[in-house]
Structures are given as structure tokens and as C-alpha cells.
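Here is a short walk through a structure you may not have met before. Have a look at the picture, then read on.

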Amino acid sequence: MHVRDLGLDNSPDSTIWQHAQAQGWHIVTKDEDFVRLLLTHGFPPKVIVVTNAQVPARALTVYLGTQLERIRHFLFEQPESGMLVLRMP
């Protein structure tokens, strides 16, 4: 879900964080503010940070599709980790 689809696109990051936590969702972001929230509050939610991602949404979607195995591993097989950093080429 995109924050826009939830009506949260103009909400503070802390509100998005709390919503994701309450729903049992994880966050995919290009925004370092969520890294600060993770470091302050711990997880859940887990955070996937995509760097070097100043690209159209379609290109980001395609890139994330190429990283599905890493993302699945992080989300479901690494209970001790709260953050995954992916760098777009």
C-alpha cells in the first residue's frame, strides 16, 4: 500500500510509522527519517531503505521486483534485523 492510498500522504512520518506498526506492515522508503524512527523506537515495523532511487515509480517497482528474494529473506528469516538497505544501480 502506498501512503497516498491510505490518505496518509500529508501525514507526519511518525503517524505513518504508528499506522504500519498497528497494521503489522513494513515500510519501504527513500526517506532517511524512517531510519531515525527505527533507531529511536526499534522495530516493528521493519524498514527497507532504497538509496539512489530518484527515479520514476515504475523504475523503482521494477528494481524492487529484482530484489524480492533479498526482501523475503530479510522480512521472514532475519528476526534480529530491523533494516535492509538496497542501493539502486
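Start with helix α3, on the face turned away from its buried side: there you'll find the exposed residues R58 and T66. Keep in mind as you look that this is a predicted model.

Now swing round to the other side of α3. Its buried residues are L60, Y63 and L64. They sit on the same side of the helix because they cover an arc of only 100° around the axis. That fits a simple rule: an α-helix has 3.6 residues a turn, so residues three or four places apart point the same way.

What do the buried residues of α3 pack against? Their partners are β1 (27–29), β2, α4 and β3. You can zoom in on L60 for a closer look: leaving aside residues up to four places away in sequence, L60 touches K30, V50, A53, V55 and M88.

Several of these names come back in the largest nonpolar core, which has twelve residues: I48, V50, A53, L60, Y63, L64, I71, F74, L75, L84, L86 and M88. Two or more of them come from each of β2 (47–51), α3, α4 and β3 (83–87). There's also a second, separate core, made of eleven residues, with I16, F34, L38 and V47 among them. As a general matter, nonpolar side chains tend to be buried together in soluble globular proteins.

Next, the strands. β2 and β3 run parallel, with five bridges joining them. Across that pairing, V50 stands opposite L86 in β3. β3 itself has two faces: L84 and L86 make up the covered one, while M83, V85 and R87 make up the uncovered one. In a regular strand, after all, the side chains alternate between the two faces of the sheet.

Back to the helices, and to what follows α3. Between α3 (57–66) and α4 (68–77) there is a loop, and that's where Q67 is found. Is Q67 buried or exposed? Q67 counts as buried, because its relative accessibility is 14%, and the cut-off for buried is under 20%. The side chain of Q67 also makes a polar contact of 3.3 Å with the side chain of T66, one of the exposed residues where this tour began.

For a last stop, try another glutamine, Q23, which lies in helix α1 (residues 13–23). Q23 has 43% relative accessibility, so this residue counts as partly exposed. Q23 and P45 are 22 residues apart along the chain, and their C-alpha atoms are separated by 9.3 Å.

Note on methods
Residues numbered from 1 in each chain as written. Predicted model: local features only at pLDDT ≥ 70, side-chain atom pairs only at ≥ 80, totals over all residues. Heavy atoms only, no water. Helix = DSSP H or I, 4+ residues; strand = E, 2+ residues; numbered from the N terminus. Buried < 20%, exposed > 50% of the residue type's maximum accessible area, 1.4 Å probe, protein only. Polar contact = N/O pair within 3.5 Å; in protein donor to acceptor, adjacent residues only side chain to side chain. Core = buried A, V, L, I, M, F, W, Y, C linked by side-chain atoms within 4.5 Å. Contact = heavy atoms within 4.5 Å. Arc of directions from axis to C-beta. Pairing = 2+ DSSP bridges.
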